[in-house]
Amino acid sequence: TGWGAYGTMTQYRYDYQKEIFNKWSASDPSITLTHPTIFDNGEVKVFGSLRYYVPNTDRSKLQGVKQVSYYLDTVVKLPYGAELFNSFNPRIFANDTYRDYDTRMKVEDLTSYTRKIGSWGRYGIGQWTQYEQHARTPQAWTVDLIPQLDVFIDGSKTFVGPRVYLPVLV
């Protein structure tokens, strides 16, 4: 792959017991710059992208939050339709002001092992580890295990399937 760029906008829903507080909210949109593949020998592929989050939420604008992250992704093709995927993602927060519990730096690591089931799907297991360093409160670690079962919709690149995040360490 070569150079490229794209933007992403997402929203999420706040749901509380008191319905008056329920609302949809836009998150900070992002602009992503992709770069040429770092390594590809047909079995192992290493590639990445740089992402900047545009301050859009009230909190991000109020505190002057600036987020930048890098995604280093590796795909290893294994025998019998198996695949190993890893995404290593360091993220820096450069706020104008920090509350005690605000994140200054975060590192995420997502790894999954999947194996094809015929031509219609795949199953697998993954892990998602996250480390956060905060302005003044203690650092935080989380580790989740993620079983998965996917059904391919269009060939083997588009799929749907559930992800169940099972907390191992919080």
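Analyst: A residue counts as buried under 20% relative accessible area, as exposed over 50%, and as partly exposed in between. The model discussed here is predicted.

User: Is Arg99 buried, exposed or partly exposed?
Analyst: The relative accessible area of Arg99 is 34%. The range between 20% and 50% defines the middle class. Because of that value, Arg99 is partly exposed.

User: Which residue meets Arg99 in a salt bridge at 3.7 Å, N to O?
Analyst: Side chains of opposite charge can pair when their charged atoms come close. Arg59 and Arg99 belong to a network of salt bridges with one further residue. That further residue counts as buried, at 2% relative accessibility. The side chain that Arg99 meets at 3.7 Å belongs to Asp102.

User: Which elements hold Asp150 and Arg122?
Analyst: Asp150 forms a salt bridge with Arg122, and their closest N and O atoms are 2.7 Å apart. The two residues lie in separate parts of the chain, so the pair ties together parts that are 28 residues apart in sequence. Asp150 is in strand 11 and Arg122 is in strand 10.

User: Where does Arg163, another salt-bridge partner of Asp150, lie?
Analyst: The closest N and O atoms of Asp150 and Arg163 are 2.7 Å apart. Asp150 lies in strand 11, so its pair with Arg163 ties together parts 13 residues apart in sequence. Arg163 is in the loop between strand 12 and strand 13.

User: What is the relative accessibility of Asp150?
Analyst: Asp150 forms salt bridges with Arg122 and with Arg163. Of these partners, Arg122 counts as buried at 14%, whereas Arg163 is partly exposed at 30%. Asp150 itself counts as buried, with a relative accessibility of 0%.

User: Which strand gives the most residues to the nonpolar patch?
Analyst: The surface carries a nonpolar patch of about 840 Å² accessible area, with Leu78, Tyr113 and Trp141 among its residues. Strand 11 and strand 13 each supply at least two residues of this patch. The greatest contribution, 3 residues, comes from strand 13.

User: What is the relative accessible area of Val164?
Analyst: Val164 is one of the residues of the nonpolar patch. Its place is in the loop between strand 12 and strand 13. Val164 counts as partly exposed, because its relative accessible area is 42%.

User: How many strands does the protein have?
Analyst: The pattern along the sequence opens with β elements, places the α element after them, and then continues with β elements to the end. Besides 1 helix, the protein has a number of strands equal to 13.

How values were computed. Residues are numbered from 1 along each chain as its sequence is written. This is a predicted model: local features need pLDDT of at least 70, side-chain atom pairs count only at pLDDT 80 or more; totals for chains, interfaces and linings use all residues. Side-chain values use heavy atoms; hydrogens and water are left out. Helices (H or I, at least four residues) and strands (E, at least two) are DSSP runs, numbered from the N terminus. Patches are made of residues with over 30% relative accessible area and no salt bridge: like charges are joined within 9 Å, nonpolar side chains (Val, Leu, Ile, Met, Phe, Trp, Tyr) within 5 Å. Accessible areas come from the Shrake-Rupley method with a 1.4 Å probe; for residues, only the protein chains shown count as cover. A salt bridge is a side-chain nitrogen of Lys or Arg within 4 Å of a carboxyl oxygen of Asp or Glu. Buried means under 20% relative accessible area, exposed over 50%, partly exposed in between (1.4 Å probe, protein chains only).
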